[in-house]
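Reader: Hey, could you walk me through this one? I'd like to start with how a pair of helices meet.

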Amino acid sequence: MTTKGIRRFAFRDWGMGKKLTVLYTLMILLPVIVVTLLGFQRYYDNLKGKMGDLSLQLLDQVGRNIDNYLQEIDRISLTFYLNEDDLKVIADGGKETSPTLDYEKKISINRTMNSIMRASLKDIMGAYLFQDGKVFAQYGSGFYVDYSNSTKEAWFADALKGDGKGILIPTHRIDVPGEHEKYALSFARSLINITNHKSFGVLMMDIGMDTIADIMNPIGNNNGEVLFIVDGNGHIIYHPDQKLWTHKFDIPLPKSRDTFFIDIDGKQTMVNYVTASRYGWKIVGTMPVKELTKDLSLLRSLLWTLAGGTLLVSIAIAALLTSHMIKPLKKIRILMRRVEEGDYKVRYRSPSNDEIGQVGQSFNVMVQRINELVTNVLTINILKKEADFKALQSQINPHFLYNTLESINMKAEFNGDYEVADMISLLGKLFRMSVNQSSELIPFSQELEFIQVYVNLQKLRYPNMTVEIDIPEEILQSWTLPWIIQPLVENAIIHGLAPNKGAGMIRIIGSRDEDRTFITVIDDGVGIEADRLKQIRSQLIVEMSVLTSHIGLKNVHDRIQLQFGRDCGLSIDSERGEGTRVIVSVSNREWREIRDANAYDRG
């Protein structure tokens, strides 16, 4: 036997209390686990949603601050337009040249460049004015940066094409001799002569990353989220990790704002981003999902502790309820064992009327019926043994009795007394039919043969007696007990017609309904006195007796009820001077079972 089979049969052998306790435990455990997991997951999902919303709000604020910062850079780049005199000198200085004009131009440029460097924005690392394809003026924070070849770069052409509109040059590395690696964000603008709408130079400013770093680390961002900036081409403008500056951010950000989850370096990460309105930069925030759940450990532990406590309490309650429910069943089981040992007087006293109480009531009815059946079977066995004993007595040397009757019959015929010979012949036939009958059930047709032989014998004594038989063929083919109609016919002759010297009629009528078959024996004899009829009826309803020594109404009635049940038997109606009616009722169940069995054998 396999391990699975052993476990299955072991579970079958468990007591009902143990099974119910396990069942209740599973019924409680599964919902608790499901509710705990689903509740935690729902809380976790809500937390992620709220964190995403909060992050987007934070990024929106950061984006607005970045836009304001870039707007300030753009405003500072317009310093050349603030002083009309300086602007006229710088813009028109190329038409006429002289030492005086060149000096004035130099003075105006220096004044404007100094204004740029003294602006409120402290992150300006250097300002550069390009004219005639070269760096015309350069102001910075004390270190030299070589931009002599910058006019050949793409950003310079883009600035000229911008027609006075400022452009941002993504974060790039600045080569400073003798200095550590420096990065800057540059802003360039083509300076347009308002008079002729032509460019008179390009202003480029290198912007340090300190202010952007401060903006990208706002107060309140203490949830482990990393904020950085990606330009429209996917390059990182700013990141807390400087090593990632200028690198490509490979995750596409197609929408203006969104929240999604993705694996980054093998970690499930929540990505939030918004788009700054001024230059289309993406303000991005990334946060590992485990950062969301680290504060949930306490909540998870609390939930599982609560679930475990609830489970233990529920199991204890389930065990108590199971014990209370099983206790009546255990009591019924003890009573059933007593019934198995033969004690049919036990009764279950139910404290309630629930299903178990109804089972107990059914148990009481069952035990009572078993007791009645045992009593009936015992009575039947005693009656059968008594009948068998009498039959054994009557069968002593049957050949001797047959031969004796045959000898008397031959002697009567030899002497010419044919009437006596016929009586002896019929008596012998009736005797043989009685002795040879050993079946428990016989067809009604065979019972009718008994009656006909007996009636023919009595007609020799009472020639004025008439007997009519009206039994349908379907009833003749059904089954009944032997010798239950002949005693009724005998009583009709002896007690009904004999006082009138045998003159009268006996009618035997058969009928049937769905459940029972009825044989009615009617005579038009002297009838029965009312007191005597009452006495006979009383004898029929008293307890059956095993001491009956003759075949009579009581014997027939008891035999029918033992075989077919209490709803079958004899009923008698009579009136003095009007005759007697006796009705025999037997169940159709037995003959149907015999009929079905014969049909099955033939099939």
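**Where two helices meet**

Author: Sure. Ile 536, Gln 539 and Leu 540 in H15 touch Leu 553, Lys 554 and His 557 in H16; contact means heavy atoms within 4.5 Å. Helices (H or I, at least four residues) and strands (E, at least two) are DSSP runs, numbered from the N terminus.

Reader: What kinds of residues make up that contact of H15 with H16?

Author: They divide into 3 nonpolar, 2 polar and 1 charged. Here Ala, Val, Leu, Ile, Met, Phe, Trp, Tyr, Cys and Pro count as nonpolar, Asp, Glu, Lys and Arg as charged, and the others, Gly among them, as polar.

Reader: Wait, is this a real or a predicted model?

Author: It's a predicted model, where local features need pLDDT of at least 70, side-chain atom pairs count only at pLDDT 80 or more, and totals for chains, interfaces and linings use all residues. Residues are numbered from 1 along each chain as its sequence is written, and side-chain values use heavy atoms, with hydrogens and water left out.

Reader: Ok, back to H15. Which of its residues are buried?

Author: Leu 533, Ile 536 and Leu 540 in H15 are buried. They sit on the same side of H15, because they cover an arc of only 60° around the axis; the arc is that of the directions from the helix axis to the C-beta atoms. Buried means under 20% relative accessible area, exposed over 50%, partly exposed in between (1.4 Å probe, protein chains only).

Reader: What do the buried residues of H15 pack against?

Author: H16 and strand E16 (569-575). On the face turned away from the buried side, H15 carries the exposed residues Asp 531, Lys 534 and Ile 541.

Reader: New topic: where is Thr 286?

Author: Thr 286 is in strand E10 (residues 282-288). It has 12% relative accessibility, so Thr 286 counts as buried.

Reader: And what does Thr 286 touch?

Author: Not counting residues up to four places away in sequence, Thr 286 touches Gly 224, Glu 225, Val 226, Phe 228, Thr 269, Met 270 and Val 271.

Reader: What about Ile 236, buried or exposed?

Author: Buried, because its relative accessibility is 5%. Ile 236 lies in strand E7 (residues 236-238). Leaving aside neighbours within four places in sequence, its contacts include Ile 229, Val 230, Leu 244 and Trp 245.

Reader: How far is Ile 236 from Lys 282?

Author: Their C-alpha atoms are separated by 9.4 Å, while the two are 46 residues apart along the chain.
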